[in-house]
Amino acid sequence: MINLAKRKNGWTEGKIAKYIAEGRGQGELAGYKPWLTIQDVPSHGRVHRLKGWKTQRIHQFMSDLECNYFYLLEWAENVIDIREQFPLDRERTTKIAEERDINHPIDKETKTPIVMTTDFIITIREKDKVKYLARTIKMSKELEHRRTIEKFEIERHYWEEQNIDWGIVTELDIPKIISKNILWVHGDFYINEKELELINVLYEELGASESTLLDVVTVFDEKYLLEKGTGLTLFKYLLARKYITIDMNNNFDVQVSVTDLNFDKEFCENKENVV
C-alpha cells in the first residue's frame with residue numbers, strides 16, 4: 001500500500017502533461033486552477049480549503065502559514081486576484097538552474113524534472129494600473145537550509161526575468177492579531193438569504209444602542225426568536241464586508257461598546273441595496 005501511494009504521488013512526463021491538459025495553473029479569479037491541490041501533496045501539517053472573497057472559488061493551502069498570509073491578501077483593498085500554487089515554466093527553470101550550476105528539483109524515483117511553483121501570484125491595482133507580485137511562503141527556520149535557498153534562487157531569477165516583484169514571506173512578516181481577526185470573520189462573508197434579510201435590522205439596532213456588542217446580539221437573537229449566535233454571525237458579516245469597522249491591530253472583544261464601532265456612512269445611505 002505504501003509503495004502504491006508513493007507511485008501515485010510521483011511525477012512523470014505523462015502526469016505533467018495530464019495536469020497541463022486539465023488546465024492547471026491557468027485562468028484567473030474563479031476560473032483559476034492551482035497546479036497543486038491538497039490531494040496532490042502529502043500533508044505534513046494542517047491544510048485548509050476556503051472560499052475566497054475576491055475570487056469566489058475554493059482556495060487550497062498546504063499550511064497554516066499560507067492560510068494566514070491569504071487572510072491578509074483578502075483584507076487588502078488593492079488586491080484583486082489571488083492565485084496559489086502557480087506553476088513556473090519548466091523549460092525556463094531548468095535553463096536557469098543550468099546557468100547557475102544549481103540542481104533542478106527532480107522526482108527522486110522517476111528522475112523527472114519537477115514543475116516548480118510559486119505559492120502566491122497576487123494581482124493588485126495601483127491607481128489605474130494592474131501589477132503582479134510573486135510571493136513564496138516559508139517558515140524562517142527553513143531559510144537556513146542551503147537547498148531551500150538554491151531553489152529560491154531559481155525562483156527569484158525566474159520572476160526577475162519577467163520584471164515581476166518576487167519576495168519571501170515568513171511567519172515574522174505576518175501580524176498575528178490582524179490575521180486572527182480576519183480568520184474570525186472570514187467564514188461569514190457569505191450568509192444565506194434568510195440571514196441577509198435581517199442585516200438591516202441588526203445594523204439599525206447596533207447604531208441605536210450604547211450597550212456592549214454581546215448584549216445587543218444576545219437581545220437580538222431573543223427578540224426575533226433566532227438560533228443562539230445568529231446575531232453575532234450577522235455582525236461578523238458586517239465586519240467582513242467592512243460595513244462596520246474596528247481596529248484590526250487589537251484583539252477583538254465581544255464586550256466592546258457598540259459606540260466604539262465605526263459605521264459605514266455609505267451603508268447607511270444605501271441599506272436597501274444590501275438585501
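A search of the whole structure, which is a predicted model, finds 17 salt bridges. Three of these pairs are set out below, each with the distance between nitrogen and oxygen.

| Basic residue | Acidic residue | N to O distance |
|---|---|---|
| Arg 24 | Glu 22 | 2.9 Å |
| Arg 100 | Glu 99 | 3.1 Å |
| Arg 135 | Asp 165 | 2.8 Å |

In the pair formed by Arg 135 and Asp 165, the arginine belongs to strand S5 (residues 129–137) and the aspartate to strand S6 (residues 165–169), so the salt bridge ties together parts that lie 30 residues apart in sequence. Arg 135 is buried, at 15% relative accessible area, whereas Asp 165 is partly exposed, at 37%.

Arg 24 is likewise buried, with a relative accessibility of 15%, while its partner Glu 22 is partly exposed at 29%; both residues also belong to a network of salt bridges that links them with Lys 18 and Asp 40. In the remaining pair of the table, Arg 100 is partly exposed at 34%, and Glu 99 is partly exposed at 44%.

Helix H9, which spans residues 213–223, offers another view of burial, for Leu 213, Val 216, Val 217, Phe 220 and Asp 221 are buried there. Seen down the helix axis, these buried residues fall within an arc of 130°, and they therefore line one face of H9. An α-helix has 3.6 residues a turn, so residues three or four places apart point the same way. The buried residues of H9 pack against helix H8 (199–207) and helix H10 (230–240), whereas Glu 222 and Lys 223, on the other side of H9, are exposed. Just after H9, Leu 225 adopts a positive phi of about 55°.

Notes: Residues are numbered from 1 along each chain as its sequence is written. This is a predicted model: local features need pLDDT of at least 70, side-chain atom pairs count only at pLDDT 80 or more; totals for chains, interfaces and linings use all residues. Side-chain values use heavy atoms; hydrogens and water are left out. Buried means under 20% relative accessible area, exposed over 50%, partly exposed in between (1.4 Å probe, protein chains only). Helices (H or I, at least four residues) and strands (E, at least two) are DSSP runs, numbered from the N terminus. The arc is that of the directions from the helix axis to the C-beta atoms. Contact means heavy atoms within 4.5 Å. A salt bridge is a side-chain nitrogen of Lys or Arg within 4 Å of a carboxyl oxygen of Asp or Glu.
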